[in-house]
Amino acid sequence: MFHRIRRRRAEEEIAGILRQHAEFQTRMAADQAALSHLAQPAAVPVPPVEPAPAVADFLPPELRVPSHDQVEGRMMPWPWPVVLDGEVVACAECETYRDWLIISTRGQVWLRCRAGHEQLEPRLDTAWFNRHSGPSDATHATFEDCLRHLGH
């Protein structure tokens, strides 16, 4: 008995909701039809556009920085231990756990210890590198030049 009463009330509620939805749809269609003539722009003559005069580049050549697609990778020194998921990362070969050089290249992050051992760190990504690195202070033509610049 109670199930039939509950079912009837639920059916009445659903019917009321469907009726309100249909009324809303018809009002929206009427509003769209009323506004359709306003949506068509009037033809306005457009004056011819003259090309902009040629201007020298904003920055002089000595202040320009290469874009990301012109740089093979970026590096930063990291003198502290790298802690990921509560675990201190150590070099796989010499077990050093601080004084890293962190390298971001081709969407991967590599750790390089002072002894020159490199290991891929899959738990770090380019977004992490970008959050923790500062602005670049120099650009270098070769990997070795960058290592010398950073004291490795």
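Leu-63 is placed in the loop between helix 1 (2-39) and strand 1 (73-78). With a relative accessibility of 52%, Leu-63 counts as exposed, because the cut-off for that class is over 50%. Together with Phe-58 and Leu-59, Leu-63 makes a nonpolar surface patch of about 370 Å². The model described here is predicted. The points below turn from this loop to the chain as a whole, and then to individual residues and pairs.

**The chain as a whole**

- The secondary structure of the chain comes to three helices and six strands.
- Read from the N terminus on, these elements follow the order α-β-β-β-β-β-β-α-α.
- The chain has 152 residues, of which 17% count as buried.
- About 12400 Å² of accessible surface belongs to the chain, and 58% of that surface is contributed by carbon and sulfur atoms.
- If one takes the contacts between residues at least 6 apart in sequence, 46% of them join residues at least 24 apart.

**Aromatic pairs**

- The count of aromatic pairs in the structure comes to two.
- One of them is formed by Trp-78 and Trp-80, whose ring centres are 5.0 Å apart; the planes of these rings stand at 85°, so the pair is edge-to-face. An angle over 60 degrees is what places a pair in that class.
- Trp-78 also pairs with Trp-128: the ring centres are 5.4 Å apart and the planes are at 55°, so this pair is tilted.
- Trp-78 lies in strand 1, whereas Trp-128 lies in helix 2, so their pair ties together parts that are 50 residues apart in sequence.
- Both Trp-78 and Trp-128 are buried. For Trp-78 the relative accessible area is 13%, and the class follows because buried means under 20%.
- Through these ring pairs, Trp-78, Trp-80 and Trp-128 are linked into a cluster.

**Salt bridges**

- The structure holds seven salt bridges; three of them are described here, beginning with the side chains of Arg-114 and Asp-99, which meet at 2.8 Å, N to O.
- Arg-114 lies in the loop between strand 5 (108-112) and strand 6, and Asp-99 in the loop between strand 3 (87-88) and strand 4 (100-105), so this salt bridge ties together parts that are 15 residues apart in sequence.
- Arg-114 is partly exposed, with a relative accessible area of 44%. Asp-99 is partly exposed as well, at 26%.
- A salt bridge also joins the side chains of Arg-112 and Glu-118, at 2.7 Å from N to O.
- Here the two partners fall into separate classes: Arg-112 counts as buried at 13% relative accessibility, while Glu-118 counts as partly exposed at 36%.
- Glu-121 forms a salt bridge with Arg-123, and their closest N and O atoms are 2.9 Å apart.
- Glu-121 is buried, with a relative accessibility of 5%, whereas Arg-123 is partly exposed, with a relative accessible area of 37%.
- Salt bridges with shared partners join Glu-121 and Arg-123 to Asp-85 and Glu-87 in one network.

**Gln-119 and its surroundings**

- Gln-119 is found in strand 6 (residues 118-120).
- The relative accessible area of Gln-119 is 15%, so this residue is buried.
- The side chain of Gln-119 reaches the backbone oxygen of Ala-90 at a distance of 3.3 Å.
- When neighbours within four places in sequence are left aside, the residues in contact with Gln-119 include Val-89, Ala-90, Cys-91 and Ala-92.
- Trp-100, Val-109, Trp-110 and Leu-111 are also among the contacts of Gln-119.

**Asn-130 in helix 2**

- The place of Asn-130 is in helix 2 (residues 126-132).
- Asn-130 counts as partly exposed because its relative accessibility is 40%, a value in between the cut-offs of 20% and 50%.
- Asn-130 and Arg-74 are separated by 56 residues in sequence, and their C-alpha atoms are 9.7 Å apart in space.

Terms used. Residues are numbered from 1 along each chain as its sequence is written. This is a predicted model: local features need pLDDT of at least 70, side-chain atom pairs count only at pLDDT 80 or more; totals for chains, interfaces and linings use all residues. Side-chain values use heavy atoms; hydrogens and water are left out. Helices (H or I, at least four residues) and strands (E, at least two) are DSSP runs, numbered from the N terminus. Buried means under 20% relative accessible area, exposed over 50%, partly exposed in between (1.4 Å probe, protein chains only). A polar contact is a pair of N or O atoms within 3.5 Å; within protein, one must be able to donate a hydrogen and the other to accept it, and residues adjacent in sequence count only if both atoms are side-chain atoms. Contact means heavy atoms within 4.5 Å. Patches are made of residues with over 30% relative accessible area and no salt bridge: like charges are joined within 9 Å, nonpolar side chains (Val, Leu, Ile, Met, Phe, Trp, Tyr) within 5 Å. Accessible areas come from the Shrake-Rupley method with a 1.4 Å probe; for residues, only the protein chains shown count as cover. A salt bridge is a side-chain nitrogen of Lys or Arg within 4 Å of a carboxyl oxygen of Asp or Glu. Rings of Phe, Tyr and Trp (its six-membered ring) pair if their centres lie within 6.5 Å; planes under 30 degrees apart count as stacked, over 60 as edge-to-face and the rest as tilted.
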